[in-house]
Amino acid sequence: VIPAKSQIVDVICNVTTVGDDSGAATISVGTAADPNAFLDAVNTKALGTTHGTLDTEATNVGTTDLEVLADFTGATGDGTSGVATLTVMYIQNNNLS
């Protein structure tokens, strides 16, 4: 949960161990209202670091706390390994509105 009146400055996905699902394997990060607001379908079958694309809606939390949600999708669901770290960087009490 990101506190109200905060500013999100970056969302980072770092895949350190590739996933072994036989189909596509992705992570999206967003909110209940916009499930891919910060990261959209990042490939977890390749090592790497991906920074999110942040628009005004994403960066200005507003007057209520914001729950950030991550959703992993394994296309076939047969994967047994893989490691990714998600980091949300924000400035607390940096009200933009």
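1. Gln7 belongs to strand 1, which covers residues 7-17. The model under review is a predicted one, and the remarks below start from this residue before turning to the sheets and to the protein as a whole.

2. Is Gln7 buried or exposed? Gln7 counts as buried because its relative accessibility is 18%, and the cut-off for that class is under 20%. The side chain of Gln7 also takes part in a polar contact of 2.4 Å with the side chain of Asn94.

3. Which residues surround Gln7, once its neighbours within four places in sequence are left aside? Gln7 is in contact with Thr59, Met89, Tyr90, Ile91, Asn94 and Leu96. Asn94 is thus both a contact of Gln7 and its partner in the polar contact of 2.4 Å. Tyr90, another residue in that list, stands in strand 6 opposite Ile8.

4. Strand 1 pairs with two strands that merit separate comment. Nine bridges join strand 1 to strand 6, and the two run antiparallel; strand 6 comprises residues 83-91. The facing pair Ile8 and Tyr90 may serve as a point of reference for this pairing. Strand 1 is also joined to strand 4 (residues 48-51), here by four bridges and again in the antiparallel sense. Val15 has Gly48 of strand 4 opposite.

5. A further arrangement involves strands 2, 3 and 5. These three strands form an open sheet in the order 3-2-5, with antiparallel pairing. Its edges are strand 3 (39-43) and strand 5 (69-74), each of which pairs on one side only. Neighbouring strands of this sheet are turned against each other by 20 degrees on average, direction ignored.

6. Within that sheet, how many bridges connect strand 2 and strand 3? Strand 2 (residues 25-30) pairs with strand 3 over three bridges, in the antiparallel sense. Ile27 is placed opposite Val42 of strand 3.

7. Two backbone conformations deserve a reviewer's attention. Most residues other than glycine have a negative phi. Lys5, although not a glycine, has a positive phi of about 65 degrees. Lys5 is found in the segment before strand 1. Lys5 is classed as partly exposed because its relative accessible area is 37%.

8. Asn93 is the other case to be noted. Phi of Asn93 is near 55 degrees, a positive value in a residue other than glycine. Asn93 lies in the segment after strand 6. Why does Asn93 count as exposed? Its relative accessible area is 60%, and the exposed class begins over 50%.

9. As to the overall organisation, the protein has one helix and six strands. From the N terminus on, the order of these elements is β-β-β-β-α-β-β. The C-alpha atoms fill a box of roughly 45 × 20 × 20 Å along the principal axes.

10. Some totals complete the note. Of the 97 residues of the protein, 33% count as buried. Among contacts with a separation of 6 or more, 78% are between residues 24 or more positions apart. The accessible surface of the protein comes to about 5,500 Å², and 50% of this belongs to carbon and sulfur atoms.

Conventions. Residues numbered from 1 in each chain as written. Predicted model: local features only at pLDDT ≥ 70, side-chain atom pairs only at ≥ 80, totals over all residues. Heavy atoms only, no water. Pairing = 2+ DSSP bridges. Axes fitted to C-alpha atoms, helices over the stretch in contact; angles between N-to-C directions. Buried < 20%, exposed > 50% of the residue type's maximum accessible area, 1.4 Å probe, protein only. Polar contact = N/O pair within 3.5 Å; in protein donor to acceptor, adjacent residues only side chain to side chain. Contact = heavy atoms within 4.5 Å. Areas by Shrake-Rupley, 256 points an atom, 1.4 Å probe, with all protein chains shown as cover.
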